[in-house]
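Work through the following exercises with the structure in view. Each task is followed by its solution in steps.

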Amino acid sequence: MKGPSVKSLSLAVLSGLVPWVSALGQQPIVSFESAEGALQIVGGEAGTGQIRVSGNDYWGVIRAAGDLAADFGRVTGTNFSLSNGQSGASPARYRFRPVDVTDNTVFRTLEEDSFAGPAYADPEAENTVIIAGTIGTDGIIDQLIAAGSLDVSEVEGEWEAFVSQLVDNPMDGVARALVIAGSDPRGTIYGIYDVSEQIGVSPWYFWADVAVRQRDEIYVLPERKVQKSPSIKYRGIFINDEQPGLSSWVATQWDNTWNDAAPYNHHFYALVSELLLRLRANYLWPALWGSMVYVDDPLNQPLLDAYEIVLGGSHTEPMMRAQNEFGTFYEGPWQYNNNNETIDEYFRYGVERARPYARNSVWTMAMRGTGDTAIEGDLGIDAIVSMLETLVDNQRQILVDGLDDIEHASEVDSLWCLYKEVQSYQERGLVVPEDITLLWADDNWGNVRRLPLANETERSGGAGVYYHFDYVGGPRSYKWINTIQLEKTAEQMHLAYERHARKIWIVNVGDIKPKEIPINHFLDMAYDAEMYGVHATTRWINDWVRREFGGDDHVDHITDVMIRYGMYAARRKYELLEPWVYSVINYREADAVLAQWAALAADAQSVYDALDDAYRPAYFQTVLHPVLAGEIVHRIQVNGAKNQLYAAQKRNAANDVIWESLQLMYDDANLTQRWNEMLDGKWAHMLDQTHLGYDYWQQPMRNTLPNLRFVQDVFPSLGGEWGITVEGTNASAQGDSQWHALSTNDLFLPPLDPWGAADSYVEVFHRGPSECNWFAAPWEDYVRLSVYNGTVGGDDGRDTRIFVSVDWQRAPPAPSTSQVYINFTSDCLGFEQYAGDLPRAVVTVEHRLLPENFTAGFVESDGHVAIEAPHYQAIYPAQNNTGGHGHGHGHDHDHGHAPNSTALVRRHDNTTDGGHHHHGDGDGDGPEYHLFENYGRTLAGVGLFPLDTEKLQVGEGPALEYSLYLFTNHSAANVTLYISTAANYLGDGNPLEYAVVLFPTGGAQPEPKRVQPIGPNIGGDMPVGWDGAVADAVWGLTGNYTTSSFEVPRAGAYTLRVWALLPNLIVQKIVVDLGGVRSSYLGPPESFLVGRDERGEYNGTSFATTSGIVGALSRNGTQGHGGEESGAVGVSASRGLGLALLPLVLGLFMSL
């Protein structure tokens, strides 16, 4: 054993904080306060409790009961004892014959070995308070059933179900006890761990160091609990992409295996198995990159079976053989058409090796190429399909020949993973036997590619989903830390559930840590999809926080932090962040993003500071570290953009950004070092993953900063000691640049009007060695500046952002358009005065009026309208009842027409159904729109419900309706929908589709334009535009896949309608471009909404000022009014790792 022993680390314990703890989504059976009819099992007159099991039960059940006995010790300070009813009994044993792994082509076993424990104590009837067992194992449970004392009729014969109830006089000398009866061994195990979780031991007590709460009294409640079978039969994780993090960590815990591989041994898999069972999971695809789970440690396979974990293999590991076994031990190519005899023998060995453990096995069928590649050889799809059908037939016969007591392959569970190119084989006619589970895959980025069609839901093998929280591949690997938006996972997995993909859910989790939160969420949904439905994510987070961090004190604050983090991190994977992503010149986007992250970091840190010390390690690992790390990475990348901008403008501040970026790099390293040193180094190296400086799709070998440019600061710019720039451009003046016409020093701000952004800005900056005083003077007094003079350079000078606004009471009356110049002068003119005029900023003032009858809707400004999709004005009802689930005509919820609308159903912002919003055609019988809260990139999404709705035609379902007032007539107004990344889950022949129309309000509606935004798969490759969409986390930003053009013949009120024709087409934002949209990542801020916004209060300067936005910033934030100054960015005090090195780096730069 190397480093600190994972078994020697003590658990933190806390004094009692809350009266009860319930397992996530589970009926409470435990209380910490007395209740009528309850049984006290800890405290009072209760002695040291004992748990009774049957010696005939499964070893995994007995082992879990031993964990429960130890869990009581974690909670109370004194372990319960465990007895099988016999005095002097030896510890329970699981016996097996390990495989001889010195030759993995000829099957041999060694002498019998065993796993021993837990130890038994002598029976103490007077202290027996819990009896646990599996129905049919000839123990006390069966006796109670026979005596009529225990009713198991609701669970007997079911999959992984259990009953928990108090029983009087269950055995001699026991007056009353909690009895846990499982329908099968895992049912019993889940019932046992249900008690563990409810007394306060988190499933993550080891893997995330969740503190255990100390209790003096524990009661079992009198209500009987019947836990039915899980929603999904096989629920599990895939440990993958485990280098460098997890592999480095295991190497600090144990010695290398006998064959010098990373020590993914039975000690490691014991920890993983216990975690899975405590999370009510049952299925595992083991680590595979540099490992062979069956060979590296011959105890791994029996260990997993002993724990009652179902072992499987990934899409590259058929027939219970590890990916690397063939190339290590066999001759010839991994090509079935050329080497089928050898490959068949390879499969036979896997079956023979797994035969003793077949009860806990799911067989992966077929094959792919070597590693994670397509089948080798230039065969063509038709030949591959034929070969695979023959191969699978042979594999099925090998199973029948090699396994005991089966006559047909349908008697064991098997799967065919339709991953990547394999899906294209299915689409070309590949015949998959009815009893094999079709394991559909996502696109590696959380978008399920295909789900059962209506005529596929009755297959005996069923269907499942292989999902990703981690991936190595294009457009760029993402492996570092958690970037999963739980709301997206819920939407996709419930889409799968409603389409009857319910046999297997398995998710690629990378290193396990730090994906604790999405893993727990995924498995809880798989266990009980009805409890944690698509709309229940916030409630799940609340429950998770309450369990892990000590009750209600911080639940709301931590939940808020987690929701905001999930959205911010999912906007773009950290690995895909680059300086160009967020605009530093348009819509104050980058500043708003950084302000959101800064506020989030402050809030997360304030919770950490308020937590008891015992909770801090878990909170740091799961919540605080991702937030702090995310903020640092965003600041580094935005700094890269600012440095390039400032260097192009020859600003001294370019150099300040370099110093800050260097410090941020050390901050990043120090945060990793903090992780490494936490808890005496328990998790050292788990976060070795690099995440800065990607040159292509694969991970960089070392973290590096973006390219930065240093500006010579000894002599002034040829344009003078100072200069200006304006919002919306890279250009600067005085002087020449590629971004404005030569020999002119006028810079134009974005236009200002009463319905647009409250202000725009001019920046005055330093670009020389001397101090300069500057002065600004607008030509008209109705143009106001936040500051009229200042100083750049010297000891007190700083670059200044001047906010330019309009006093509309004094502006020329509407309708009018005027241009107002703002002169800039200085007291330190140099030779640049001979090169041209002094700089001026020019603001266009457009004073516009709305007609009085436009009382609700969005107003054009700056040549565009931007809309957050949930802010629709009305639902336009279905016009017939021929589609989906059957639709009737809508009725008017408000008994009146919506203003500026021909729709019959108005929006009800306060109408909810269990925390989620539905808006449809009013009769509750047809498709309706569902609000996916806290979803997407900024606010929420809107999509069709129910999720099993079949393809609609335009008019068969409702439409989202938006009212607009447009001032600009345009022959091609481009309407772009930002829709969530998704896939054609009903096949390329029935793709995702929507319809859209824009027309003058009150006029006849033209024929809507139908749009199929996602094209067909190209062989094994993804559709055109997919790389950009998954990188952007939205379709609509890169390319024109969701853009439709409409004529706007005149100014006036317009109606925009959008019909989603399938679920999984979720609209987040709509932008109508009349020629004024500027480049940005998140799109323009939402436009002024009449009926909601008030003139003088509406800000509109950044997306983060939108009403109701997740992580909204006040108008007095960094992008608001008040004359905020963006001063020169200095280097903050170095900390930790960077303290000694930073002066050397700075000295090197200064010497240049």
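**Exercise 1.** Which residues of helix H14 are buried? The model is predicted, and the task is to place H14 within it.

Solution. Begin with the extent of the helix: H14 covers residues 537-548, 12 residues in total. From its first C-alpha to its last it reaches 16 Å, close to the 16 Å expected at 1.5 Å a residue. Next, list its buried residues: Thr537, Trp540, Ile541, Asn542, Trp544, Val545, Arg547 and Glu548. Then look for what these residues pack against. Their partners are the helices H3 (185-199), H12 (486-498), H13 (516-527), H15 (555-570) and H17 (616-648), together with strand S11 (212-213). Last, follow the chain past the helix: just after H14, glycine 550 has a positive phi of about 85 degrees.

**Exercise 2.** Determine how helix H1 (residues 59-76) and H3 are oriented to each other.

Solution. Two packed helices are described by the angle between their axes and the distance between the axes. For H1 and H3 the angle is about 5 degrees and the axes are 9 Å apart. Angles under 35 degrees count as roughly parallel, so H1 and H3 are roughly parallel to each other. On the H1 side, the contact includes Gly60, Val61, Leu68 and Phe72, and on the H3 side it includes Pro185, Ile189, Tyr193 and Ile199. Sorted by type, the residues of this contact are 12 nonpolar, 3 polar and 3 charged.

**Exercise 3.** Do the same for H3 and helix H5 (residues 266-278).

Solution. The axes of H3 and H5 are 9 Å apart and the packing angle is about 80 degrees. The range from 65 to 115 degrees counts as roughly perpendicular, and therefore H3 is roughly perpendicular to H5. H3 contributes Arg186, Ile189, Tyr190, Tyr193, Ser196 and Glu197 to the contact, while H5 contributes Glu274, Leu277 and Arg278. By type, these residues divide into 4 nonpolar, 1 polar and 4 charged.

**Exercise 4.** What is the strand order of the open sheet of 5 strands, and which strands are its edges?

Solution. The order is S23-S30-S29-S25-S27, and the pairing is mixed. Strands S23 (746-748) and S27 (789-792) are the edges, since each pairs on one side only. Neighbouring strands are turned by 25 degrees against each other on average, direction ignored. Now take one pair from inside the order: S25 (residues 772-778) and S29 (residues 816-826) run antiparallel and are joined by 5 bridges. Within this pair, proline 778 has isoleucine 822 of S29 as its bridge partner.

Conventions
Residues are numbered from 1 along each chain as its sequence is written. This is a predicted model: local features need pLDDT of at least 70, side-chain atom pairs count only at pLDDT 80 or more; totals for chains, interfaces and linings use all residues. Side-chain values use heavy atoms; hydrogens and water are left out. Helices (H or I, at least four residues) and strands (E, at least two) are DSSP runs, numbered from the N terminus. The expected span of a helix is 1.5 Å times one less than its number of residues. Buried means under 20% relative accessible area, exposed over 50%, partly exposed in between (1.4 Å probe, protein chains only). Contact means heavy atoms within 4.5 Å. Axes are lines fitted to C-alpha atoms, for helices over the stretch in contact, and angles run from 0 to 180 degrees between N-to-C directions. Angles under 35 degrees count as roughly parallel, over 145 as roughly antiparallel, 65 to 115 as roughly perpendicular and the rest as oblique. Ala, Val, Leu, Ile, Met, Phe, Trp, Tyr, Cys and Pro count as nonpolar, Asp, Glu, Lys and Arg as charged, and the others, Gly among them, as polar. Two strands pair if DSSP finds at least two bridges between them.
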